[in-house]
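New page in the notebook. I want to look at the whole chain to begin with, then at one helix.

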Amino acid sequence: MTEKKYWWHGPLRVLQTNLQVMDTLKMDPEKIACEIVEMGGNVLVTNVGGIYAWYESRVKYHHINEWLPKGRDLLKELIDACHRHGVKLVARFDFSKADDLAYQNHPEWFVREPDMSPRVFGAMRPGAWSNLYLTCINAGYRNNEVAVPVLEEVIDRYDIDGIFFNAPNYEYCCCEACKRKYRELYGKELPMDSSAVEQNTTYAIKQARGLEPGFASHCVRDNMEGIYRAVKAKRVDLPLILYYNLHRDNLDERYATADMICTESQDVLSRGWRDLPPLWHPVLSMKFGSSAPGRPAPFGIIHSCPGMDWRHTGLPTAEYLFWMSGVAAGGGSIWHSITGFCDTISDKRLLKALTEVNHKIAKIEGDMDSASPRSDALLLWDGGKSAEGWADILMNNQLQFDLAAPYQVTRERLAGYPLVIVPEGFPLENGRPKVLEEYVSKGGRLIFEGADGEQLAPVAGLLGISESISASESLTACYWQFEPEGAPLRGEEFQETPLLPHRGRTAYCKPLPGTAILATLVPPFAPLNSVGAPPERASMLVEHTELPLCLYRQEGKGAALTLTFMLGRLMGEFRLAEHSRLGRNLVRFMLGEKQTFDMKPVNGLEAVCYEKGRDILVHLLNGVGQRPLMDTIEYHGAKFSVRLPKGSRAEEVELKLSGEEPLWKQEGERLTVEVPRLSYWDMVKITLAKRGAE
């Protein structure tokens with residue numbers, strides 16, 4: 001990547017006004033630009049083209065907003081007003097849908113069901129609205145016949161500062177363009193079975209289960225490559241912003257057709273409290289987006305509403321403040337998504353909340369610019385349930401970690417971490433077992449989770465177990481039992497707790513000489529349908545076995561710890577304190593003295609540590625309380641310690657956001673900090689004395 005810094009390489013605070021066409025005449029460009037500044041923003045993302053053109057477009061079938069004021073160029077006025085106030089304007093385009101007129105004239109541009117009927121979007125919407133039809137990613141509308149001419153027109157006519165594509169995704173389609181593309185790629189016909197179509201109700205996206213797994217991403221890549229080339233041919237300095245997905249994405253592929261990436265950490269409360277998104281979602285999304293080296297900070301898009309069906313009201317303030325703060329704490333750039341602008345938003349709470357967070361971010365963005373994570377562990381990330389559970393364990397125990405997707409697992413990447421965690425199901429093809437073996441032989445420490453031979457056998461020698469491995473049925477009513485050699489794993493929490501809850505598939509394996517068994521399986525005492533009665537039969541038939549659940553082996557200069565079950569999945573499913581604390585103890589045991597950050601675990605607190613020059617920066621997020629958070633419950637006496645570089649001395653410790661005085665002391669290389677009062681977010685800045693200073 002070039003060393004030149006464009007405007008979009010610096011700290012950014014984005015506000016996206018999702019404009020409603022009926023509010024167009026209420027827009028006052030000068031007032032909107034001033035309000036962006038007052039709310040602490042320095043970038044405005046606003047509607048420009050696609051479903052509606054917010055200017056007098058000359059591209060045929062580009063539907064012009066009927067409410068545009070006559071005799072004025074509202075878009076130019078808004079761009080000029082933003083630039084006068086030092087605000088950049090990013091143009092939002094959405095080519096995923098078009099109206100009846102385009103459909104009637106060019107039916108070949110649109111998504112087709114297996115029965116060849118078009119897919120209509122929002123057909124039951126009340127009011128005198130025209131139908132919208134979903135456009136096909138492989139057809140003309142989203143490529144050279146509408147999308148590209150619209151982009152070229154906007155770039156030629158307006159001094160925009162960037163381009164953002166909403167809904168650039170693939171949707172299952174049976175049109176002729178899709179069938180032809182599928183045939184060319186795979187030499188077979190596109191699946192056309194309507195019963196094999198599943199609906200993602202969150203985004204109203206349909207996917208066919210029988211499709212080749214790479215087809216959707218191939219279509220998106222081809223579409224965006226053409227658009228990217230067309231934009232860069234006009235203005236090479238104009239950044240394109242595309243989405244990435246926390247659970248399944250290759251960031252290298254995203255950056256092949258984008259300059260910046262963003263993701264939505266939606267806090268959708270309208271699904272009901274039983275389906276709340278995990279507390280760690282904003283921070284983890286930013287960690288993953290930051291795993292591509294040498295790139296600008298990813299954007300974290302936070303919607304102000306508690307669900308799009310309630311988009312005209314705001315999230316509960318305490319929940320909203322915490323959610324927004326996670327983007328900055330995770331190393332990302334905040335991107336607020338609101339419906340309308342200040343004059344049309346009735347819920348003024350959300351405007352106050354996002355303004356408050358923006359001004360806090362502005363206080364620390366100079367410190368955070370170019371800061372690097374100060375992490376002790378690398379979690380190999382495939383977006384699966386076990387990986388999610390491990391992220392939960394690490395976050396809720398304030399352990400410092402980064403993420404690496406399968407394609408990022410290289411010798412060079414692993415070498416920078418004293419501990420690597422491999423969750424159940426993480427793919428081991430493409431030479432990854434060899435990379436893990438070399439990592440451990442050179443002094444790395446490994447936690448490896450596998451519940452069957454398919455996962456364990458490729459690294460059996462490294463783990464110190466026989467390749468003769470069999471998998472159990474899904475076990476219930478059974479337990480983890482500490483063995484004498486596993487005493488270091490008990491910590492303070494389990495001194496009086498010899499048994500921990502265990503469940504799920506388990507790998508039966510035999511340790512090789514030199515491999516220690518730290519914990520074993522206590523098998524089921526009853527079938528699940530009779531565990532509660534009668535109590536007279538609750539005694540365990542077998543109270544001890546030699547079936548290992550946890551093994552430890554020194555290997556070269558390093559060591560490997562093996563879990564023959566899915567601790568991450570247990571954590572994700574049951575969220576028991578025992579599983580969380582066990583995970584913490586495993587990590588601390590494997591890190592030993594190499595652990596650079598330590599904090600007494602507090603459920604609901606998150607800590608994220610960075611370093612920059614002589615500074616160590618520790619973000620503390622307070623999500624303590626029942627979700628969704630109704631109030632910010634101040635936490636008093638949060639205490640952590642960091643290991644300083646050898647020979648270093650702390651010169652100053654400050655709380656950057658609250659301005660209060662923390663308590664701190666240094667003993668040798670260990671600095672302990674206590675925060676008297678923590679609201680929803682603060683950042684501790686530790687400044688080290690210059691070398692040679694008294």
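I took helices (H or I, at least four residues) and strands (E, at least two) as DSSP runs, numbered from the N terminus. With that, I found 17 helices and 33 strands in the protein chain.

Note to self: this is a predicted model, so local features need pLDDT of at least 70 and side-chain atom pairs count only at pLDDT 80 or more, while totals for chains, interfaces and linings use all residues. Residues are numbered from 1 along each chain as its sequence is written, and side-chain values use heavy atoms, with hydrogens and water left out.

**Whole chain**

I looked up the radius of gyration, taken over C-alpha atoms, and the globule rule, which is 2.2 Å times the number of residues to the power 0.38. The radius is 27 Å and the rule gives 26 Å for 694 residues, so the chain is as compact as a globular protein of that length. Along its principal axes, the C-alpha trace spans about 85 × 70 × 50 Å.

Next I checked burial, where buried means under 20% relative accessible area, exposed over 50%, and partly exposed in between (1.4 Å probe, protein chains only). Buried residues make up 58% of the 694.

**Helix α11**

I picked α11, which has 12 residues (385-396) and reaches 16 Å from its first C-alpha to its last. The expected span is 1.5 Å times one less than the number of residues, and that comes to 16 Å as well.

How many residues of α11 are buried? I got 11 of the 12, including Trp390, Asp392 and Met395. Just after α11, I noted that Gln398 takes a positive phi of about 55°.
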